[in-house]
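This text walks through two parts of a structure: a pair of helices, then a strand with its neighbours.

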Amino acid sequence: MKGPFAELGASARDESTMLTRASWWWIPLALVLFAQAAGIAAQPVRTDNLEAELVAATDAVVPGQALVAGLRLKHDQDWHTYWQVPGDSGLPTRIQWKLPPGWSAGPIEWPLPQRLPVGPLMNYGYEGEVLLLATLTPPPGLKPGTNVDLAARGEWLICKDVCIPGGADLKLELPVRDTAGPGRRAALFASMRARVPTPIDLEGAQAVIDSSRIRLSFVRAGNTKDFAFFPLEEGRIDPAAKQPVTRSGERVMLMLTAAQPVGGDFNRLKGVLVADGGPANADRGGWAGVVDIPLQAGSLAVAPAPGPESGAALVVAGGAAPVTFWIALVGAFVGGLILNLMPCVFPVLSLKLVSLLQHRRVDEGGPTRRPLVAHGAAFMGGVVLSFVLLAAVMIGLRASGAQLGWGFQLQSPWVIGTLTALFFLIGLNLLGSFEFVAGSGIASSRTARELQDDRPTGSFWTGVLAVVVAAPCTAPFMGAALGYAVTQPGPIAIAVFATLGVGMATPYLLLTLFPQALARLPRPGAWMARFKQLMAFPMFATCVWLLWVLAQQIDENGVAGTLGALVLFGMAAWSLGLAQRGARGFRWVAAASAALAVYAIVASTDAGTSAVARTTGAERSAWKPWSAAAVESELRAGRPVFVDFTAAWCVTCQANKRLVLNSRAVASDFADKRVVLMRADWTNRDPAITQELARFQRNGVPLYVLYDGRGRVRILPELLTENAVLGALASL
């Protein structure tokens, strides 16, 4: 039974409970109002060695205005996360936005990173506190007085001595108001916004790549000395390589190192250029900007030597002057003149000389001039046009990313096979097996038919053939001229190649301009027919050489197939000759044999590459296969190195090898000086060798380089002599 005190006590307890409830009801409301006022609905999230938070630059969302938000990361001592391009290792931080319908998010706006060395590697990232910015665009029609719930997932790789993948789901609630004030992280937003680089227009900016070296140059007034480059594309620039800076007046030159291998699509240099520490040092002239500059192939005057870690510069002994446009033209012209003396060209020109003698007509005033001049002009036209077309093809292929140089077409087995068949047929024609004439019942090659035509078109096609067979040869002065040409814009390169053609055709043209020299030769007669037949044998000798080259490129089955194709071509020529002499039925034999021969050439030259013979040969000799790493290793040990850049199809290379490099005196001196011998075989296409040739401002072989073991090199001439090699070795 309850008494009155009990009822009073119960009443008191109920009142106390009501008062207690009434005294706490405002707290949740106050928290909501505070969150709306402060623009915060979630606290920072703590993960392994990192504090993460989603923050906004303002305390509210304003209808019709973009909102700047960001992922705030605060690292523990000595821990770091990574920039958009992490460097040698690491992963960039990612933000996956989870926004209300109608909202959109822009890309991360990355503040300038720090360099984070890790042993021999270099990474780019952030320590301490960083804010990765992004611009959020709201949909139209937001109503003031409502709230917006924003969310994102941040994912990162945080590293110190170890690396830990991390992530967090973050939220941010903001009110929608007509106006907004600064958020509680406004100072951090201002600091990070100043560190986000924007595009900059560098005056006179140029980016030139030479092998693995890149020179970024631009005009900049002032005394800024410290520059740094952060690439915006992975796999383009070596992060750990030094970036030396030099100035010449107001022009700044920053040297970079391309990451290996250099991609064929690497045609623009994109990155962030930082001066004097960036905007954080704006009071001392610091700045940063995004650059995007076309990357052009070229040659650099100073190159880092593959050698000791001291970073010694590559110094070419002798102090040769840099090649200029006019020097290149002179070198091309003189090199073209000398090409006429090369064994691969001489047989073709000899045939044309005989043709000139047949055109010679003597009257009271001497040889008639006009017909001969027409032949000289046509020959020059064929030579110059062929060089220009060859240059245009090579420049076009290089522009598309192919690593090519002089003689690139001879790195293709089917080209070698086709040339072998052409010279074989020319030899059979010279022996009289058949004639290159129309009406034989078989559609013979127009070019081949006109090689011995008595019209100027015959001289034109002789010029074309002379250029084709001249490709294996590199005459003195040609190397530097062509190396310069391929680093220049198209019109300049074409001019150098055209001058090379003019030089090659000049002796022939002079002979037609001054035909009195022809009058001193024996008059046409029976000797010319015998001489014509005799010239078949140099053609067959050329076939032997081409087959030897082919054996360096394809396996023995391919060589056997090519020889079989020559047998079929021989049958076609014999059958064609019979058909031309009245046995018309043989024209079908000729056609069938020629068709089978063409098929055999194509099928045979598509065989696998023959590396066995070259490797075995290298192992038996004192010569080691070349690689940049092997050269660097030997130079680090202080040993001198001699590198022979060669190719089986390079006639000059083979002559130098047999007459000089393999001579007893030179081989003995190599051994006495303990020179490490390396051979860079360019018979088949090799981008690494092409890049190394470009590093020495060359575009073809031969090239002979002697490293003295102390970071200095000596480049020897294209035509070697024992005295030249022994003299270079004496300087060691």
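**A helix pair and a strand**

In this predicted model, helix α15 (residues 556–580) packs against helix α16 (residues 586–604) at an angle of about 160°, and their axes lie 8 Å apart. Angles over 145 degrees count as roughly antiparallel, and α15 and α16 are therefore roughly antiparallel to each other. The crossing in which α15 passes α16 is left-handed. Sorted by class, the residues in the contact of α15 with α16 are 18 nonpolar, six polar and one charged.

The next element is strand β25, which spans residues 641–646. Six of its six residues are buried, so β25 is largely enclosed by the rest of the structure. Buried here means under 20% relative accessible area.

The side chains can be followed along the strand. In a regular strand the side chains alternate between the two faces of the sheet. In β25, V641, V643 and F645 point one way, while F642, D644 and T646 point the other way. Both sets are buried.

Which strands pair with β25? One is strand β26 (residues 676–681), which pairs with β25 in the parallel sense over six bridges. Within this pairing, F642 of β25 stands opposite L677 in β26. Another is strand β27 (residues 703–707), which is joined to β25 by five bridges and runs antiparallel to it. Here V643 of β25 has V705 in β27 as its bridge partner. β25 thus has a parallel pairing with β26 and an antiparallel pairing with β27.

Note on methods. Residues are numbered from 1 along each chain as its sequence is written. This is a predicted model: local features need pLDDT of at least 70, side-chain atom pairs count only at pLDDT 80 or more; totals for chains, interfaces and linings use all residues. Side-chain values use heavy atoms; hydrogens and water are left out. Axes are lines fitted to C-alpha atoms, for helices over the stretch in contact, and angles run from 0 to 180 degrees between N-to-C directions. Helices (H or I, at least four residues) and strands (E, at least two) are DSSP runs, numbered from the N terminus. Angles under 35 degrees count as roughly parallel, over 145 as roughly antiparallel, 65 to 115 as roughly perpendicular and the rest as oblique. A crossing is left-handed if the near helix is turned anticlockwise from the far one by less than a right angle, and right-handed if clockwise. Ala, Val, Leu, Ile, Met, Phe, Trp, Tyr, Cys and Pro count as nonpolar, Asp, Glu, Lys and Arg as charged, and the others, Gly among them, as polar. Buried means under 20% relative accessible area, exposed over 50%, partly exposed in between (1.4 Å probe, protein chains only). Two strands pair if DSSP finds at least two bridges between them.
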